[in-house]
Amino acid sequence: MSDEKKPDLIKLLTNGMFSENPVFKLALSLCPAVAVTTSVKNGLLMGVAVLCVMTMVNITVSLFRGLINPKVRIPAYILIIATYVSITDMVMAAYARTAYKEMGLYIQLIVVFAIIISRAELFASKNKVVPSAFDGIGMGLGFLGALVLVGGVRELAGKGSLMGFNILGGRPLLIMILPAGGFFVIGLLMGLFNWIEDRYFGGVKSGGGGHH
Amino acid sequence: MTHDLIKIFIASAIINNFVFSRYLGLCIFFGVTKRMETAVGMSATFTAVMVISAALSWLVYNLVMLPLHLTFLKIIVFIGIVAGFVQGADTVLKKINPALYHKLGIYLVLITTNCIILAVPVINADEKYNFMQSITMGLGSGAGFSLALVIMASIREKIELAAVPKAFQGMPIAFIVTGLIALAFLGFSGLITV
């Protein structure tokens with residue numbers, strides 16, 4: 001904990017965004033990735049909520065890392081997460097009413113997102129405040145990016161629009177905004193990323209497999 | 001009254017199936033469905049935890065939190081109830097079935113941080129269900145989740161033998177298959193209206 005080599009902050013950011021992308025690489029927190037991504041806007045809102053919670057949780061856990069007894073760390077982390085999620089939930093309910101009606105349940109469920117607790121456990125509890133904050137931001141941005149990407153594909157294919165603006169002038173593939181579409185899009189995107197990585201970056205261990 | 005409960009049961013088990021139309025519990029869903037045996041053990045544990053946590057949360061929510069206007073604390077309180085109860089279930093399973101406990105290992109601990117288990121009390125509170133309705137909702141959701149796990153485990157045992165393209169092995173193909181099942185479950189929507 002004391003004289004670790006100074007972590008490269010930029011690398012921490014890109015780590016979460018690309019090489020350890022929460023959705024496509026670590027295959028964590030998949031529920032919201034499928035659930036709220038019927039449009040870019042919902043994906044963006046969810047992503048921002050997770051980004052805020054994650055950064056604050058990482059900072060808080062890192063600040064208290066010397067005080068939390070390892071035996072009770074999981075309940076302690078959950079309490080910290082639940083506090084920030086409650087705040088986010090209330091802010092969203094107050095300022096983004098229509099979106100909140102659609103995805104309120106999933107905002108409350110941020111509290112059990114595996115990605116947040118796993119970063120608190122794996123990173124923030126062992127690192128100083130600044131790297132932890134950057135790790136939170138990187139992972140949060142990676143999550144946000146994934147949600148926006150999935151949301152974009154689904155909205156474009158399902159409603160023919162992006163961010164609510166009509167682009168294709170029709171509804172080419174209605175199935176994409178139905179539940180099944182979310183699974184298809186994520187499955188296909190994961191396969192695509194695996195293929196790209198395999199083809200151009202020489203078969204590094206491909207993503208997926210749940211949280212082992 | 002009974003009619004109402006049957007409706008809730010069917011709605012939560014099939015029409016609003018947690019995995020296929022509410023998209024919850026996916027981590028566990030993809031994690032334990034590699035083998036039928038673990039899938040079955042997991043569904044039994046989940047159903048039991050869901051029903052009991054639905055009942056406990058209902059009692060706390062309606063008898064303590066509503067009268068005291070503490071509903072804004074529901075996320076923290078519900079997860080506390082679930083965590084405490086899961087810890088208990090964990091200990092009991094370790095005693096009565098060590099073999100199964102050994103297999104489920106990490107997932108049992110992860111039950112606490114699982115969205116379905118928390119979603120049941122939250123949905124019950126949002127829908128303002130009464131006590132029996134809440135329990136039925138927990139039972140129905142558990143049945144629906146078990147159904148999803150068993151279907152998926154059977155399919156994945158077959159996928160093991162299939163020639164899947166390299167890029168799609170593992171998670172991607174599991175997602176596509178889930179999408180196909182979800183499509184089938186879409187046929188149930190509008191079966192009954194609650």
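Biologist: Which residues of helix α1 of chain A are exposed, on the other side of the helix from its buried ones?
Modeller: This is a predicted model, in which local features need pLDDT of at least 70 and side-chain atom pairs count only at pLDDT 80 or more, while totals for chains, interfaces and linings use all residues. Residues are numbered from 1 along each chain as its sequence is written, and chains are lettered from A and ligands numbered from 1 in the order in which they are written. A residue is exposed if 12 or fewer other C-beta atoms, placed from the backbone, lie within 10 Å of its own, buried if 20 or more do, and partly exposed in between. By that rule the exposed residues there are I10(A) and K11(A).

Biologist: Within what arc do the buried residues of α1(A) fall?
Modeller: In α1(A), residues 9–19, the buried residues are L12(A), G16(A) and M17(A). They line one face of the helix, because, seen down its axis, they fall within an arc, taken from the directions from the axis to the C-beta atoms, of 125°.

Biologist: Against which helix do the buried residues of α1(A) pack?
Modeller: Contact requires C-beta atoms, placed from the backbone, within 7 Å. The partner is in chain A and spans 129–159: α7.

Biologist: How many helices and strands are there in chain A?
Modeller: Helices (H or I, at least four residues) and strands (E, at least two) are DSSP runs, numbered from the N terminus. Along the sequence the pattern is α-α-α-α-α-α-α-β-β-α. The totals are eight helices and two strands.

Biologist: Which helix of chain B gives the most residues to the side that touches chain A?
Modeller: In all, 34 residues of chain B are in contact with 40 of chain A. At least two residues each come from α2 (26–32), α4 (74–96), α6 (115–127) and α8 of chain B. With nine residues, the helix that gives the most is α8(B).

Biologist: How is the angle between α7(B) and α8(B) described?
Modeller: The axes, lines fitted to C-alpha atoms over the stretch in contact, come within 11 Å and cross at roughly 135°, with angles running from 0 to 180 degrees between N-to-C directions. Angles under 35 degrees count as roughly parallel, over 145 as roughly antiparallel, 65 to 115 as roughly perpendicular and the rest as oblique. The crossing of α7(B) and α8(B) is therefore oblique.

Methods: Contact = placed C-beta atoms within 7 Å.
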